Amino acid sequence: MCGIAGLIHRGRSSNVGAEMTAMLLALKHRGPDSTGFAVYGEPSEGDYIMRIKVAEQEEMAKGHGIEAQVEERIGAVEACLAEHGATVKAKEHATAYALRYIIGHDGDTEDMARRIEEIEGAEILSLGNALELIKDLGDATVVSEQYGLGVFQGTHAIGHTRMATESDVDIRSAHPYWAFPYNDVAIVHNGQITNYWTMRRVMERRGHRFLSDCDSELLAVYTADNLAGGVSLEESMRRSIGEIDGVFTYLVATRDQLGMAKDSMAAKPMVLYESEDLIALASEEVSIRAILPQEIDTTDPYDAEVRVWQV
Amino acid sequence: MAGLSHEERARDMGLTTEQLTGRTQQVFFEPEEAENFTYPWAPEVDFNKRTEVDADAMTTTEVNSKIRALMKEGHGSIVIRNPRGMHGLGVGILSRLNLIFEGSLGYFAVGLIDGPNVRISGRVGWSCAENMMAGTVLIEKNAGSTFGAAIRGGDLVCRGSVGSRTGIDMKGGTIIVGGDTGMLSGFMMQRGRMVVCGNAGKDLGDSMYDGTIYIGGEIKSLGVDAVPAELTDLDRAWLTRKLTLYGLLPEQGVDRFQKIVAGKQLWNYDNLEPLEKKLIL
């Protein structure tokens, strides 16, 4: 059991960091292992925002000279950026092992990202003009405070509280997943994918990379594969209903869209609120109530239902 | 024996393969039957003794404990304001009570109740009124999946639409939905009646053992062993009375309703004992 949530402010920015924190905190009982956010700010044309981690939280606690290794890895990441002609315009340490870079770059970001991820311990959490992907161990308040999300202004967001069932409790297996190499595409998932290994082998034969053993990562890779083939987000999500086995409800966010898909057994919950200027959806009503305390009308999407909203 | 058909083998062994076809297709009942919403031994309360509770800063446990404390003080009408979609509110109430929620509730709302009249002005999450035994529950807006799972009695009414697996394993009572219902509604239903004024999703009444489902709109597909049956005058009279009671009677009446019952053709409806099955198989 995990909790997922999504939020769109149409035509305006809002404090989506604090709002998603409240929504995910209300879902804490669905999964206390880790919390993740994919928040979308105003797109910065020409510059990229890169969120990266160079170690797991657990590694930091073990010692064994990890601090020195982390510094080495950060140096290697920055050297790789320079090699690819990227200029670091800003650099922030969110934690000792997680960094946020603003980089100027007009080359191939995919090749650069692949090279960076060859560095031991390095994992790009997100790369894009608008997306900032933050995930770590702990509940929504802990992660939000740690990464300063309380003041984040943006148009839309998705988030996840994780109850680890089929892979480790670590940042690598936490959601959201970035749909590498597609800038600004992120995914959160609640459920179990039963043809994970079969589909993973299919995707790996097509050249896609997996960084974890978490079945949810398949949805990110699957979406990236479809996008690479020129398939629209909505069509990709429709295809997933027939091609992905298991019980699932998942959300995908891009720079200007937010989509929801529910499996053909309708086994995983989703509650939806829609108005002219706000869309909020979550695994439970209580999460929507965290940002909309007034009386509202909500609905439950049915089996095999796919919805995609423009931001 | 090997060359014989299943039926021939059974007959030669002195067994019978009579199929209990259509046993429930004509059920006689009293359309004005008494509802028996509360048991005669349920404690008397003073419905005129009314109080209100603001749940805005309270936990589920605190709200439920407060309801019990107020009932002990003799309150027969309790209004809960600002329930904020909390889970598990109003559960396990086993006596007469008018309980009003002004707002929406989360999962497992008013489960395991036996007698109260509950009114919810908002919506409810999954598994509302699970295992309800008696009483009435009226929801003004929508409801989530597994609405009325395994209920045994009483009236459970949602004026809006409900999610999937409505009335799964229901063993009695009545579920009424003003809007649509999702897939697998009435799955493994054993007894009772379900009325949906709108449309039903796929696999309606799948593997139902007994009971009756009435659908006012379109049915996406019937489940295994769910079959249409004739809508009788008794059905019409009962539907008219019941839907009128909750203000859900369609303008055009109930003639368009389709009636779905168990075909009783599944393996568990043959009349062979397990040992006999083994011998044949």
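These are my notebook entries on helix α2 of chain B, the strands beside it and the contact with chain A.

Entry 1, basis. I worked from a predicted model, in which local features need pLDDT of at least 70 and side-chain atom pairs count only at pLDDT 80 or more, while totals for chains, interfaces and linings use all residues. Residues are numbered from 1 along each chain as its sequence is written, and chains are lettered from A and ligands numbered from 1 in the order in which they are written.

Entry 2, the helix. I looked up α2(B), residues 60-72 (helices are DSSP runs of H or I with at least four residues, strands runs of E with at least two, numbered from the N terminus). I noted I67(B), L70(B) and M71(B) as buried (20 or more other C-beta atoms within 10 Å of the residue's own, against 12 or fewer for exposed, with C-beta atoms placed from the backbone). On the other side of α2(B) I found exposed residues, among them E62(B), R68(B) and K72(B). After the helix comes G74(B), with a positive phi near 95 degrees.

Entry 3, the strands. I then followed β1(B), which runs parallel to β2(B) and is joined to it by six bridges (strands pair if DSSP finds at least two bridges between them). I80(B) in β2(B) stands opposite V53(B), and its bridge partner in β3(B) is F101(B). I recorded β2(B) and β3(B), residues 98-102, as a parallel pair over five bridges.

Entry 4, the neighbouring chain. I found 22 residues of chain B in contact with 14 of chain A (C-beta atoms, placed from the backbone, within 7 Å).

Conventions: Contact = placed C-beta atoms within 7 Å.
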